[in-house]
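Dear colleague,

Please find below the sequence and the structure that I promised to hand over. My notes on it follow underneath.

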Amino acid sequence: MKGVARIAMLYTVFSAIATAANIGCQALVIWLYRGSFAVPLSILVGTAAGLPIKYALEKRHIFSFESDNLAHDGRLFVLYSFMGVFTTTLFWGVEYAFHTAFGTDAMRYLGGAIGLTLGYAIKYQLDKRFVFVSRA
């Protein structure tokens, strides 16, 4: 498999892994806690679980990027996370829209998966242009 097709396949697999971690953690939070903040807490925990997984996989296997040292890697992760603010807002918006429209956990998770997919497609372009670039 070459070039764009390989990247698309890997990105899809890594997105699925991060999505599974995200949705799985959301389901776990909902299972453990049914209080008034269950939905926002589950989305926050899911996001916190999926983000470092996706960062590590993409940095190595999509962008073949090596940071100079731990401090550089930390700055990259912060920039990577910052680029995700817009896409995370999109993801959360779609998930909450499904939650509001349908009122069930299953439909909220479907909305989350759709929102993540849209966000990941946009995030790839942002990361390619602004995060995983060599500074000459």
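**Charged pairs**

Arg-108 has a relative accessibility of 0% and therefore counts as buried. Please keep in mind throughout that this is a predicted model. The partner of Arg-108 is Glu-95, with which Arg-108 forms a salt bridge whose closest N and O atoms are 2.9 Å apart. This pair links distant parts of the chain, since Glu-95 belongs to helix α3 (residues 70-102) and Arg-108 to helix α4 (residues 105-131), 13 residues apart. Glu-95, too, counts as buried, because its relative accessibility is 0% and the limit for that class is under 20%. The two residues also take part in a network of salt bridges, in which Arg-34, Glu-95, Asp-105 and Arg-108 are linked.

The structure holds six salt bridges, and two others deserve a description here. In helix α2 (38-62), the side chains of Lys-54 and Glu-58 meet in a salt bridge with an N to O distance of 2.0 Å. Because Lys-54 and Glu-58 are four residues apart in helix α2, about one helical turn separates them. Both ends of this bridge are covered: Lys-54 counts as buried at 2% relative accessibility, and Glu-58 counts as buried at 0%. In helix α4, Asp-127 and Lys-123 are likewise four residues apart, which is about one turn of the helix; their side chains meet in a salt bridge of 2.8 Å, N to O, and both residues are buried.

**Aromatic rings**

The lysines of those two bridges also lie over aromatic rings. Lys-54 is placed over the face of Tyr-120, at 4.0 Å from the ring centre, while Lys-123 is placed over the face of Tyr-80, at 3.3 Å from the ring centre.

Tyr-80 is in turn a member of an aromatic cluster, which is formed by Tyr-11, Tyr-55, Phe-63, Phe-65, Phe-77, Tyr-80, Tyr-124 and Phe-132. The count of aromatic pairs in the model comes to nine. One of them joins Tyr-55 and Phe-77, whose ring centres are 5.0 Å apart and whose planes stand at 80°, so the pair is edge-to-face. This pair, too, links distant parts of the chain, with Tyr-55 in helix α2 and Phe-77 in helix α3, 22 residues apart. How do the two rings stand with respect to the surface, buried or partly exposed? Tyr-55 counts as buried, because its relative accessibility is 6%, whereas Phe-77, at 27%, counts as partly exposed.

**A nonpolar patch on the surface**

Turning to the outside of the model, Leu-28, Trp-31, Leu-32, Tyr-33, Phe-37, Leu-41 and Val-45 make a nonpolar surface patch of about 750 Å². The elements that give two or more residues to this patch are α1 (3-32) and α2 (38-62), and the largest share, three residues, comes from α1. Val-45, which is placed in helix α2, has a relative accessible area of 31% and is therefore partly exposed. That value also explains why Val-45 can belong to the patch, because patch residues need over 30% relative accessible area.

When you look through the model, the bridge between Glu-95 and Arg-108 and the pair of Tyr-55 and Phe-77 may be convenient places to begin.

With best regards

Note on methods. Residues are numbered from 1 along each chain as its sequence is written. This is a predicted model: local features need pLDDT of at least 70, side-chain atom pairs count only at pLDDT 80 or more; totals for chains, interfaces and linings use all residues. Side-chain values use heavy atoms; hydrogens and water are left out. Patches are made of residues with over 30% relative accessible area and no salt bridge: like charges are joined within 9 Å, nonpolar side chains (Val, Leu, Ile, Met, Phe, Trp, Tyr) within 5 Å. Accessible areas come from the Shrake-Rupley method with a 1.4 Å probe; for residues, only the protein chains shown count as cover. A salt bridge is a side-chain nitrogen of Lys or Arg within 4 Å of a carboxyl oxygen of Asp or Glu. Buried means under 20% relative accessible area, exposed over 50%, partly exposed in between (1.4 Å probe, protein chains only). Rings of Phe, Tyr and Trp (its six-membered ring) pair if their centres lie within 6.5 Å; planes under 30 degrees apart count as stacked, over 60 as edge-to-face and the rest as tilted. A charge sits over a ring if NZ of Lys or CZ of Arg is within 6 Å of the ring centre and within 35 degrees of the ring normal.
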